[in-house]
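Q: I have a new structure on my screen and I'd like to learn how to read it. Could we go through some features together?

A: Sure, let's take a look.

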Amino acid sequence: MKIVFKKCPKIYQTDPTTVSMKIKTLDKILNYANKYRTVQSSYYKRAFYKAYIDFLDWAISYFQSEIGTKTYTTDKLVSVIFNPRQVSSNQFARQLVQYMYVAKMYLEKLRSIADFKNADNYVESFWMVAADVEELIIVNEELRKKSTPYHISSRLGVRDNLSAYDLKQAINQMTYLPEAHSVKELDFRNVQPCAVVIIRQALELIGRNVLGSSSICDSTGVVIKQMTQISWSFLKERFGKSTWTLSSPLQLSNIDKLNKWANAHVHNPWIQKTYIRAFGLEILWEIMKPVPSGVKCFDGKCHASTQFGDFRIDKYNSLKADFLQYVQNKKSGAIVNWLDISQVGAYVVSL
């Protein structure tokens, strides 16, 4: 998702009641980050780390105060957050509570794993987090709450496009990662978005494995590249229209939405919001969460696997026949190469 903001006049807010312009914790962390970059002393390291924790605590508290008692299911959040289309600032404002909800989850995760030993890394990484937090607060104050008639000027900003040069640098750093003296030498801005590509690859494999398809080829045996992402589209479109059934950890339409979000990044790479990227990883974990106890399958035995999540198929042969027809309607003569049933990435409850 990209947010398109209307151009606003550069009027600086002076109203002391405006929360967004009184983020003293943000000023503090910026100040100590710059000082610690200049003077590598234990004093400034401790001062920066404390400012980092104070900022996380402040932002979590701010979002909680705006969210109130509202709660959202994972499916509801996925349906809102992973929108592959551009949205206007006003549309974004209408759904802002859900975005703050996800951002708060991410900040709470960062707070729970924060470690003073990693302070050097946080000096390099917190900029993007702080910029994303500031953006949410500005939109919340200006557009959602309409607490000010002024345009609130952002003090932070991150270039959101990824150039070929940025990608080259990211590839170089990942290839020669063992040669880095410390993690802080990595360009987090360029390297971290690569996680979205891996999420996309994981979803592709999960979809294929759920169906039990190893590949789809033409009549000459060449893999049809246009069909590498077809699994989730098939499941979303055909679910409930045949005799087979599939239960899944999340609604199929939402898994398909996550897949399209990740796929869009592959073809048009740009800097995703830190909290959205982290939420994508959380959803991948949710999809792949193993069943805590065994599932009774078609062979009468209980099976449990750590390799896939809680996908369960009734009438698997019907699903296979339906998928083959779906594929061949897309391309005449296409061949589906099937995995052995023991390798299917789902619990086959019945054939």
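Q: In what order do the 3 strands of the open sheet come?

A: First, bear in mind that this is a predicted model. The order across the open sheet is E4-E7-E9, and the pairing is mixed. Strand E4 (245-247) and strand E9 (347-348) are the edge strands; each has a single partner strand, so one side of each has no neighbour in the sheet.

Q: How many bridges join E4 to strand E7?

A: There are 3 bridges between E4 and strand E7 (residues 312-314), and the two strands run antiparallel. If you want a pair to click on, try Leu-246, whose bridge partner in E7 is Ile-313. Here's a handy general idea for looking at strands: in a regular strand the side chains alternate between the two faces of the sheet.

Q: Which strand is joined to E3?

A: That's strand E8 (residues 335-338): 4 bridges join E3 to E8, and they run antiparallel. Look for Ile-216, which stands opposite Val-336 in E8. As for its surroundings, 4 of the 5 residues of strand E3 (residues 213-217) are buried, so the strand is largely enclosed by the rest of the structure. Cys-217 counts as buried because its relative accessibility is 7%, and the cut-off for buried is under 20%.

Q: How many disulfides does the structure hold?

A: It holds 0 disulfides. Take Cys-297: the nearest cysteine sulfur is that of Cys-302, 7.7 Å away, and Cys-297 is in no disulfide. Cys-297 is buried, with a relative accessible area of 9%.

Q: Now helices. Where is the kink in H6 centred?

A: The general idea first: an α-helix has 3.6 residues a turn, so residues three or four places apart point the same way. In H6 there is a kink of about 45 degrees, and Ser-125 is at its centre. The helix is also mostly covered, with 20 of its 26 residues buried.

Q: Which residue just after H6 takes a positive phi?

A: Lys-146 does, with a phi of about 50 degrees. As a rule, most residues other than glycine have a negative phi. Lys-315 is another one to check: it is not a glycine, yet its phi is positive, about 60 degrees. You'll find Lys-315 in the loop between E7 and helix H13 (316-330). With 42% relative accessibility, Lys-315 counts as partly exposed.

Q: Is Arg-200 buried or exposed?

A: Buried: its relative accessible area is 15%. Arg-200 lies in helix H9. Sequence numbers don't tell you everything about position, by the way. Arg-200 and Asn-263 are 63 residues apart in sequence, but C-alpha to C-alpha they are 6.0 Å apart in space.

Q: What volume does the second largest pocket have?

A: The idea is that rolling a probe the size of a water molecule over the atoms shows where empty space is left. For the second largest pocket, the volume comes to about 820 Å³. Its lining is made of 30 residues, and Tyr-106, Leu-110, Ile-113, Gln-192 and Ala-278 lie nearest the centre.

Q: Which helix gives the most to that lining?

A: H12 does, with 7 residues. Helices that each supply at least two residues include helix H5 (96-113), helix H9 (194-211) and helix H12 (274-288). By kind, the lining divides into 22 nonpolar, 5 polar and 3 charged residues.

Technical notes: Residues are numbered from 1 along each chain as its sequence is written. This is a predicted model: local features need pLDDT of at least 70, side-chain atom pairs count only at pLDDT 80 or more; totals for chains, interfaces and linings use all residues. Side-chain values use heavy atoms; hydrogens and water are left out. On a 1 Å grid over the protein atoms alone, a cavity is a set of points where a 1.4 Å probe fits but cannot get out, and a pocket is an open set with protein on both sides within 12 Å along at least five of seven lines; lining residues have an atom within 4 Å of a point. Grid points are joined across faces, edges and corners, and a volume is the space filled by probe spheres set on the points. Ala, Val, Leu, Ile, Met, Phe, Trp, Tyr, Cys and Pro count as nonpolar, Asp, Glu, Lys and Arg as charged, and the others, Gly among them, as polar. Buried means under 20% relative accessible area, exposed over 50%, partly exposed in between (1.4 Å probe, protein chains only). Two strands pair if DSSP finds at least two bridges between them. The bend at a residue is the angle between axes fitted to the seven residues ending there and the seven starting there. A disulfide is a pair of cysteine sulfur atoms within 2.5 Å.
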